[in-house]
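Reader: I should like to go through the ligand site and the charged pairs of this structure. May I put some questions on them?

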Amino acid sequence: EKEGYEHFMIKEIHEQPKGVSETLLRRLDKEEKVTLDGIKLTKEDLDNINKVYIVACGTAYHAGLVGRYAIEKFAKIPVEVDVASEFRYRDPFVDDKTLFIAISQSGETLDTLAALREAKRKGARVLSVVNVVGSSVARESDDVFYTWAGPEIAVASTKAYTTQLVAMYLVALHMASVKGTITEEQYKEKVNELKTMPDKIQKILDNQTKIQHLADGQFNNEKVFFMGRGLDVHVAHEGSLKLKEISYINSFAIAAGELKHGTIALIEDGTLVVALATQDHLYDKMLSNIQEVRARGAFVVGVAKEGNKEIEKTADVVLYIPDTLDQLTPILSVIPLQLLSYYIAVARGCDVDKPKNLAKSVTVE
Ligand code: F6R
């Protein structure tokens, strides 16, 4: 079943061009408009919504953070994102003007399901983004947007995440086009760029040697920091989760602007810092943050868009992603982080597909 791959995780990492492309193409019609088929998000529906709540756990929650950015940016609707285990116990402001979006690969995560039921009880419309067809979350939702990742076996989620991102971008673009908060031209630009993602992911997958080499370790791996600004912070959180769950390295993610407010105290000689710098308007700020940690001895791995070479002067190693719109970078920038985690875990001899203490789907509290 692993089709020649050593682990399911690396197989699934390689299945991302296909999963992203399937998720995308099934939702674009001949005119390249997003079609949500049965999903009810008409002008009337959207006029009746004054708030979106996105709720999920773990990696799916990280996809929700990017979803918030996309919906706020394109469709101009205020969005809150919460982890399901918090949402369900905190009496959130939800009513019949709320659109509740649950994101779940398995569709069986207990906290997500309970949060969904709570939102429904309060009158919200429920749309879910789910990978497993006919799962509990899917069955209990008003509408379902299926991701087409295919079965995900490895405990660490990879292809589910990138397909969830695509789903959230499509939902956001559809809402924006229905509401008229985005021009036809901007809409086309983003849809066309989304269509280039499978090839761009493939390009990263075809150039892994640098990452494999890195993973063989020139750094002190007692702890690892991931940092970024803007959209990159959300990807930093996902990269950090991936690393800790399969390699058991103590890893954290922070907004780079928060460094000076505490975390920089922990930087020592050889501490690995993964610094995402894919956002043009925040690039210079990230370069300063990289300098700050390097001055304290950190070994910095930068992630930047091809062509932004200035980072080579400050970071020790730079992993490049193909150029794309800043708003869509998470679909690409997470790939080198998945690979890095995978190869570090392999180098440490960890059981990559079945990390200790973790289950693929968390159906208990
Ligand atoms: C991390 C991971 C978990 C899941 C989380 C939610 O790699 O796999 O954090 O993302 O347990 O699971 P689903 O999406 O099935 O609700």
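Author: The answers below concern a predicted model.

Reader: Where does the ligand sit, and how many residues surround it?

Author: The ligand occupies the largest pocket. Among the residues closest to it are S104, Q105 and E245. The number of residues surrounding the ligand is 14.

Reader: Which helices each supply at least two residues of the shell around the ligand?

Author: The shell includes five nonpolar, seven polar and two charged residues. At least two shell residues come from each of two helices, spanning 58-75 and 231-247. These helices are α4 and α12.

Reader: Which side chain has an N or O atom 2.6 Å from an oxygen atom of the ligand?

Author: Polar contacts here are pairs of N or O atoms within 3.5 Å. An oxygen atom of the ligand lies 2.9 Å from a side-chain N or O atom of K242, and a polar backbone atom of V155 is 3.1 Å from a ligand oxygen. The side chain at 2.6 Å belongs to S106.

Reader: How much of the area that the ligand exposes when taken alone does the protein bury?

Author: Taken alone, the ligand exposes 410 Å². The share of that area buried by the protein is 90%.

Reader: Which residue forms a salt bridge with R125?

Author: Side chains of opposite charge can pair when their charged atoms come close. The model has 28 salt bridges. R125 lies in strand β4 and its partner in strand β5, 18 residues apart. With the closest N and O atoms 3.0 Å apart, the partner of R125 is D143.

Technical notes: Residues numbered from 1 in each chain as written. Predicted model: local features only at pLDDT ≥ 70, side-chain atom pairs only at ≥ 80, totals over all residues. Heavy atoms only, no water. Near = heavy atom within 4 Å. Polar contact = N/O pair within 3.5 Å; in protein donor to acceptor, adjacent residues only side chain to side chain. Areas by Shrake-Rupley, 256 points an atom, 1.4 Å probe, with all protein chains shown as cover. 1 Å grid on protein atoms, 1.4 Å probe; cavity = no way out; pocket = protein on both sides within 12 Å on 5 of 7 lines; lining within 4 Å. Sits in = over half its atoms within 2 Å of the grid points. Helix = DSSP H or I, 4+ residues; strand = E, 2+ residues; numbered from the N terminus. Nonpolar A, V, L, I, M, F, W, Y, C, P; charged D, E, K, R; others polar. Salt bridge = Lys/Arg side-chain N within 4 Å of Asp/Glu carboxyl O.
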